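Dear colleague,

Please find below the structure that I am handing over to you. I would be grateful if you could look through it alongside the notes that come after it.

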Amino acid sequence: MKTFRLVYLVGILILAGCGKHSKNNLTQYVDPMIGTAAHGHTFPGATTPFGMVQLSPDTGTEGWDWCSGYHYSDSSIIGFSHTHLSGTGGADLGDILVMPYIGELKWEAGMKEDPDAGYRSRFSRTTEVAQAGYYEVILDDYGIKAELTATPRTGIHRYRFPKSQEARIIVDLQHGISDSPKGCWIKVNGNNELVGLRRSQGWAADQNVYFVAQFSKEFKAYHLSADGRLVTNGDIAKGKFSKVILDFATSNDEEVVVKVGISAVDVDGARGNLADEAPHWSFNQYKDAARELWNQQLSKIEVEGGTDEQKTVFYTSLYHASITPNLFSDADGRYRGMDKQIHQSDAHNMYHIFSLWDTFRATHPLFTLMAPEKNEEFIQTMLVQSEQHGLLPVWELAGNETGTMIGYHSIPVIWDAWQKGYRNFDAEKAFEAMKKSANMNHIGLADYKNLGFIPMEREGNSVSKIVEYAYDDWCIAQMANALGKKKDYALFSKRAQSYKNVFDTEIGFMRGRAANGAWRTPFNPIESSILGSGDFTEGNSWHYTFFAPHDMNTLMELYGGDEAFVAKIDELFDLESVRTNDDAHDISGLLGQYAQGNEPSHHVAYLYNYAGQPWKTQEKVTLIMDSLYSAQPDGLCGNEDCGQMSAWYAFSAMGLYPVTPGDGKYTIGSPIFDKVTLNLENGNTFSFVTNNVNSDNIYIQSASLNGSNYTKSYLSHEVIEKGGEIVFEMGHQPNKKFGSAVEDRPVNRANPSNWNIKPLEESVVFIPFANDDLVLFGKHKHVTLNSYSKDSQIRYTLDGSEPDENSKVYSKPITLRKTTTLRAKGFVKGMKTSEEFKRHYIRAIFNEGGSGCPLIHLSWPPAGNYKAMGELALLNGELGSDNFHDGHWLGFNTDMEATIQLCRKERVNRVSVGFLQNTGSWIFLPESLEVSVSSDGKSYKTVSIVKNPITSDDRQVQRVEFATELIKVNAKYVKVKAKGLPQLPDWHPGAGNRPWIFSDEIIIER
């Protein structure tokens, strides 16, 4: 097979004169600097379409805006590494850093504030050139001109040195972008080759990058270092990290070319990639070949007219959209699987970096137009990954499932391709993988399947997950129907309507809902949350209320019809552009509460078409393109996100957008070019011709398809694939009749068979709930139970047994006078019994009023901002949740020791202390808890030592109680001491640093 290898070698032959170049040099309109400023997170260096190598300068690794290793605000360069993420909101890669310099041996890069302290170099924007497949810059501190280009699997460097006896090149395997090396080695072969491995842990839990680096000029000496210590004997450096400095004697303007092949498999793989793709030393030939690959990719869509800036933004958008996913298999077909084993793929190339929460929306639909066979390879890769990992990828990176973001969005990518006729994969295997991903019991799916919604108190981002699961389930239903699987079609079609269960018709918003059926109160639709906390993922209710792309017509009916729906979208755009959560960096590019800088809003401007007012879509889409995209470094209003931000623009500039990937339709917007020609892979062409278009004439007056009048506000993929031409006549006033008739609108309904699907309140008996959440009490406790389910009869037990239809019927508040477990269920005739309410009430000693006794003294105070309401927060009778920001937790970066003085000598039956685990935030459970008691506060007796009850591989965010056995002692003083881990474990990105202990509450049970 070696598909990519053959394509690349054919490209080399073309450049050698055995064929033709692409007829247009479209790379002249590509500016890789777009997105390198503000929050775009792109990189400016050299790569090829979907290539393994992204050879680019690194200027910093210190924060969120350096996820790609580069930011336009910087003025010095660390070096040039071979792997980079494009526009992501998470950081990783930056592998195999190479940096030329002049002078004494320097092992460290140095800081931005003092570049002279290391091998880092200042540079000037005036000498920086970034093009498709090429980058150059002058390293001002050394007078070295650096040039970069790439083949799919190799990076090619050309350094022009001044005359010097101290010309050097360092290869630094400690360097990475927000990751940690955990096993590296470099071996010197002769005097012109290095081989080695950089193994690291970061966003990708286990990444391997092998390399072979060959030099056009022999080095006269080398210096090796491992873990910061010089290697004085031998030709290999091994350690957690390793480095090598090569010495050269250079004449003025002498060039040294460096060819670096990489592989995730082994050194042989890297060497084979280098031999296959970089057999010679002509830098310019590699540069020209990379440009030709980009021209071939960009020429799939050719535009005429428009301004130069519009062309630059458009073709740079196609460029950015065509960087990822990245090639992951070697020229010989081998690759490292998600099972960490080495596999052979002779049927197709393998890829990695699937940012599917972003790219299912427009990037993969764009591939179905300009690279459908490549998209089929992406799907083939996903199916192989599902076999190795057990599930389809969610956010895969370097053969690791990161678990980042929500949904199971491989599924719409698969169905969209299948529905459009791109079926070069096993449909049965794909369908089974789709079902398996949807039928797991993690990340809220158990409740989603059982209840029809996800209770907000059980799962972060519950609303976002529900609405996205519902859309994914619709895609499964459509695939099931296409394959004749009627039971699955019915099941997943019903699940696809679950979004209704969190749509509050009283206020017209998607809204968090508790297990007992209660709506989130208080509720503010502008209130934003981030990934993992709150009801919404990187957004708010305004961003997610319009996400039912598969059932838009029903959603409009929930609002009360077309006019009410249009008014709601208008309100979205008219609101104040504010963000309520400073941590929600992704919410950007605001027009009112519409957020172009993040994905959940991307389809919303096109929804006017569904309500018969496409002129408003034309207006809003033009506003977004004109105000939130430009050809400047800050020309992206948010993270580029592996092509999605760019794919939105590419589609919109052509005049259409895939609101619902999988329905085979593109909703029409407002085209900006005189003509756009799609050169389809089946040999046909389809053109969008736009007459009288300019910055004022943004409204469609009329349209014709293949010479016939066309009044619909959408276009099918099938029509495009057949080839032809659609012509738009534009004007400066809206034609409110175009696309307004019901028969001319796009239609999406998730329940075409009109199954009788009952409202949630009629299909689920909600779990009973208590009047408050306080589980600790002093002398006695009155518990009032309620239910939001009409006609629910609550039955309960106090003896620990599970309630059934014979248990006591609740009729009045229950009085507790001792530690008791209360269990209750709701019963409605003819319906499934509710989930169980179960709560352990504890008669305990605590400070109810905030003054007097019991008293508490901390041996070491809490640190930083994690002081809650003071030390009494540990003894106030209220328990902290699993959110360390909730105001109840005290944080310690030492051990935690507290002494409690009771009001009098009392009987103590049990002592427990609550601790939080949130390893991503460096919060770890203590190794042990020691409990001791005293009668006089001087002489203490240890009564229990409680070991950490959680296994080391259980790393979920959770509150954990460290509880003694029944101790039955009389005491006036109780001392608890939690012994923390001395340092973060090796697997943690912050390994070696001190972890935090977060504690709340100390429970002294009577």
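The notes below cover one buried side chain and two regions of strand pairing.

Please bear in mind throughout that this is a predicted model.

The first item is Glu640, which lies in the loop that connects α16 (614-628) with α17 (644-654). Glu640 is buried, yet no salt bridge is found for this residue. The nearest side chain of opposite charge belongs to Arg361, and the separation is 13 Å; a salt bridge would require a side-chain nitrogen of Lys or Arg within 4 Å of a carboxyl oxygen. Leaving aside residues up to four places away in sequence, Glu640 is in contact with Gly40, Thr42, Ser86, Gly87, His320, Met645 and Ser646.

The second item is an open sheet of 3 strands, arranged in the order β25-β26-β27 with antiparallel pairing. Its edge strands are β25 (354-355) and β27 (400-401), each of which pairs on one side only. Between β25 and β26 (residues 395-397) there are 2 bridges, in the antiparallel sense. Within this pairing, Ser355 has Trp395 of β26 as its bridge partner.

The third item is the hairpin of β53 and β54. Strand β53 (residues 928-934) runs antiparallel to strand β54 (residues 941-947), and 6 bridges join them. Ser932 has Thr942 in β54 as its bridge partner. The hairpin has 6 residues between its strands, and Gly937 adopts a positive phi near 80°.

Yours sincerely

Technical notes: Residues are numbered from 1 along each chain as its sequence is written. This is a predicted model: local features need pLDDT of at least 70, side-chain atom pairs count only at pLDDT 80 or more; totals for chains, interfaces and linings use all residues. Side-chain values use heavy atoms; hydrogens and water are left out. Two strands pair if DSSP finds at least two bridges between them. Helices (H or I, at least four residues) and strands (E, at least two) are DSSP runs, numbered from the N terminus. Buried means under 20% relative accessible area, exposed over 50%, partly exposed in between (1.4 Å probe, protein chains only). Lys and Arg count as positive and Asp and Glu as negative; His and the chain ends are not counted. Contact means heavy atoms within 4.5 Å.
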